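Trainee: Could we go through the charged side chains of this model together? I would like to see how each answer is reached.

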Amino acid sequence: TRKESSAASDVYKRQVLEADLALWLDFDDGVSTDDSEYAHQPECISGCPTEALGQFNAGGAFSTTGLAVPGHPALDFSGPFTVSVWARAEGAQNFGRGTLVSQPYGDTSSYDLSIQDLDGDTTYDLVSAAEGMGGAALDVFPVGEWAHIAVVYTPSHQEVFVNGVSRINSATPAISSQQADVVVGRFPGALDFGLNGVIDDLRIYRRALASDELGAVMRGAAVD
């Protein structure tokens with residue numbers, strides 16, 4: 001596990017806080033606690049996620065629940081940023097699609113990471129989309145198995161890593177500068193797209209991480 005003692009945990013958190021971390025939900029200190037230096041106060045949507053076994057210690061189990069992190073200047077991404085998350089699908093998704101993390105803005109999304117069974121093979125596809133983009137899909141989520149997803153965005157480009165391997169490298173429209181809520185576990189709207197699964201160690205960085213840094217994050221370590 002990542003944290004062997006309280007003292008080690010404190011040292012680890014101080015290291016992580018030095019690495020441009022804008023949001024960190026590790027689910028070890030409660031299902032709605034942000035351990036970044038900003039100490040955001042996530043709000044539960046239709047109830048709070050429950051504690052479950054995570055990839056590292058505890059995780060947050062979602063079904064019809066979600067978390068909304070209120071808009072904040074630290075989460076206003078018009079330049080490069082990185083989203084990293086461990087996730088495990090537990091079965092059929094609500095309305096056929098389960099949201100991992102999204103930052104909705106108006107009638108579009110600044111960014112949206114969701115899973116959806118696009119081909120009926122019960123292995124869920126990761127759907128990654130920036131605003132104004134149809135998205136790109138990867139067949140990477142067998143039910144009941146953990147997968148690590150990292151997406152590195154720049155103003156005109158996205159690269160998607162699955163379990164440390166680059167799987168999508170493509171152009172994308174610029175992401176709007178705004179301070180919308182970051183929503184975890186569901187996408188607010190008519191269908192909600194609630195995740196049926198578990199999320200652990202969700203991190204959002206205010207810069208594009210390099211591949212070696214992504215490897216450290218995937219292992220649950222601090223970024224140097």
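Trainee: Which residue forms a salt bridge with Arg-207, the closest N and O atoms being 2.9 Å apart, and counts as buried at 15% relative accessibility?

Mentor: Keep in mind that this is a predicted model. Side chains of opposite charge can pair when their charged atoms come close. Here the closest N and O atoms of the bridge to Arg-207 are 2.9 Å apart. The partner has a relative accessibility of 15%, so it counts as buried, and it is Glu-213.

Trainee: Is Arg-207 itself buried or partly exposed?

Mentor: Buried means under 20% relative accessible area. Arg-207 has 22%, so the word for Arg-207 is partly exposed.

Trainee: Which residues do salt bridges that share partners join into one network?

Mentor: Start from the bridge between Arg-207 and Glu-213. Arg-207 also forms a salt bridge with Asp-20, again with closest N and O atoms 2.9 Å apart. The shared partners therefore give one network of Asp-20, Arg-207 and Glu-213.

Trainee: How many residues apart in sequence are the parts that Asp-20 and Arg-207 tie together?

Mentor: Asp-20 lies in the loop between α1 (6-17) and β1 (21-25). Arg-207 sits in the loop between β15 (197-205) and α2 (211-218). The pair therefore ties together parts whose separation in sequence is 187 residues.

Trainee: Asp-201 and Arg-203 meet in a salt bridge too; are they buried or exposed?

Mentor: Their side chains meet at 3.2 Å, N to O. As for accessibility, Asp-201 and Arg-203 are both buried.

Note on methods
Residues numbered from 1 in each chain as written. Predicted model: local features only at pLDDT ≥ 70, side-chain atom pairs only at ≥ 80, totals over all residues. Heavy atoms only, no water. Salt bridge = Lys/Arg side-chain N within 4 Å of Asp/Glu carboxyl O. Helix = DSSP H or I, 4+ residues; strand = E, 2+ residues; numbered from the N terminus. Buried < 20%, exposed > 50% of the residue type's maximum accessible area, 1.4 Å probe, protein only.
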